[in-house]
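Student: I keep meeting words like "buried" and "polar contact". Could we go through how such words are earned?

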Amino acid sequence: MRLAGKVALVTGAAAGIGAATARRFGREGALVVVNDARADGLEAVAADVRAAGSKALVVAGDVTKKADCERMVGAAVRDFGRLDILINNAGINRDAMAAKMTEEQWDAVLAVNLKGTFLCAQAALPGMRERGWGRVVNTSSIGSLGNIGQANYAASKAGVIGLTKTLALEYAKYGVTVNAVAPGPVMTAMLAGVPDAIKEKIIAMVPVGRIAAPDEIASVHVFLASDEAAFITGQVIFADGGASVGI
Ligand SMILES: NC(=O)c1ccc[n+]([C@@H]2O[C@H](COP(=O)([O-])OP(=O)(O)OC[C@H]3O[C@@H](n4cnc5c(N)ncnc54)[C@H](O)[C@@H]3O)[C@@H](O)[C@H]2O)c1
């Protein structure tokens, strides 16, 4: 087991990539705090972690609220003694062409994807620094490179890259690594509603010729959270089937 005895917090873990990551972490021996802003689905994910032989704690909360982020980290410390790994996975999209994008759509996406990532990291990092070991894995996206209809999402996910690199530099000397995963298209609720014709177009842009399963992103989370990745910090791993490569 690659994360035996480690304590991990996964935000946005009720569904999709976060749920897959929480389950994988349980199988890798991590004690997992599962968070989401919505309560449905969270208990089921926690039950799967326990069924894998590990421990899980459900902490509902909104990553856009500083007090909630502090409560999640506090719950990990209270029940499991510390927090070793933060997977900043919670994210939303509110797509619209820039000319029609509302201020609410802009603010909502920046608040969850960028501010939420910062607030959870800010709550988690002091304890990691104190203990001299920590892993923060943030969630960017291939959308960070720019995507029609996603000015808010692209800006938030590009912002996550700048945040990741800065935190990596600030915490490198304390045994804490900070990296980001930038997934390409992954089959979750975020893509489920997309019409088949659009899905075909998306697949055509991915050299490996398919949409990823959530567990394929969880694999990257496991690696970056493990001891094996101790010399990797400030990096962005594009887990995108090659979609960001080439001309
Ligand atoms: N699915 C994709 O194709 C894809 C591609 C690139 C990046 N991503 C990123 O991966 C991450 C996970 O996405 P997913 O596809 O699993 O989506 P998803 O919608 O299945 O899961 C996201 C989860 O985040 C939760 N969430 C939303 N706002 C929250 C908040 N304020 N506080 C706490 N939890 C909140 C949601 O309730 C949901 O359960 C996101 O950051 C997303 O931007 C996804």
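**Reasoning from values to words**

Tutor: Happy to! Let's begin with aspartate 84, which counts as buried at a relative accessibility of 4%. Keep in mind that this is a predicted model.

Student: Why is aspartate 84 called buried?

Tutor: The word buried applies under 20% relative accessible area. Aspartate 84 has 4%, so it counts as buried. You will find aspartate 84 in the loop between helix H3 (66–80) and strand S4 (85–88).

Student: What makes the pairing of the side chains of aspartate 84 and arginine 82 a polar contact?

Tutor: A polar contact needs N or O atoms within 3.5 Å. These two side chains are joined at 3.1 Å, so the distance fits the cut-off. Aspartate 84 also has a side-chain polar atom 2.8 Å from the backbone nitrogen of valine 7.

Student: And serine 144: why is it called buried?

Tutor: Its relative accessible area is 13%, and buried means under 20%, so the word applies. Serine 144 belongs to the loop between strand S5 (134–139) and helix H5. Its side chain comes to 2.7 Å from the backbone oxygen of serine 141.

Student: How do you know whether glycine 246 is buried or exposed?

Tutor: Try the other cut-off: exposed means over 50%. Glycine 246 has a relative accessible area of 63%, so it is exposed. Glycine 246 is in the segment after strand S7 (236–239). From glycine 246 to proline 207 there are 39 residues in sequence, but their C-alpha atoms are 9.6 Å apart in space.

Student: Now the ligand. Which pocket does it sit in?

Tutor: The ligand sits in the largest pocket. The shell around it has 28 residues, and Ile17, Asp36, Tyr153, Val186 and Thr188 come nearest. By class, 13 of the shell residues are nonpolar, 11 polar and 4 charged. Helix H1 (16–27), strand S2 (31–36), helix H5 (151–171) and helix H6 (189–192) each supply at least two of them.

Student: What makes the approach of aspartate 62 to the ligand a polar contact?

Tutor: A polar side-chain atom of aspartate 62 lies 2.8 Å from a ligand nitrogen atom. The cut-off is 3.5 Å, so this pair passes. Valine 63 has a polar backbone atom 3.1 Å from a nitrogen atom of the ligand, while a backbone N or O atom of valine 186 is 2.8 Å from a ligand oxygen atom.

Student: How much of the ligand does the protein bury?

Tutor: Taken alone, the ligand exposes 820 Å², and the protein buries 91% of that.

Key
Residues are numbered from 1 along each chain as its sequence is written. This is a predicted model: local features need pLDDT of at least 70, side-chain atom pairs count only at pLDDT 80 or more; totals for chains, interfaces and linings use all residues. Side-chain values use heavy atoms; hydrogens and water are left out. A residue is near a molecule or strand if one of its heavy atoms lies within 4 Å of it. A polar contact is a pair of N or O atoms within 3.5 Å; within protein, one must be able to donate a hydrogen and the other to accept it, and residues adjacent in sequence count only if both atoms are side-chain atoms. Accessible areas come from the Shrake-Rupley method with a 1.4 Å probe; for residues, only the protein chains shown count as cover. On a 1 Å grid over the protein atoms alone, a cavity is a set of points where a 1.4 Å probe fits but cannot get out, and a pocket is an open set with protein on both sides within 12 Å along at least five of seven lines; lining residues have an atom within 4 Å of a point. A molecule sits in a cavity or pocket if more than half of its atoms lie within 2 Å of its grid points. Helices (H or I, at least four residues) and strands (E, at least two) are DSSP runs, numbered from the N terminus. Ala, Val, Leu, Ile, Met, Phe, Trp, Tyr, Cys and Pro count as nonpolar, Asp, Glu, Lys and Arg as charged, and the others, Gly among them, as polar. Buried means under 20% relative accessible area, exposed over 50%, partly exposed in between (1.4 Å probe, protein chains only).
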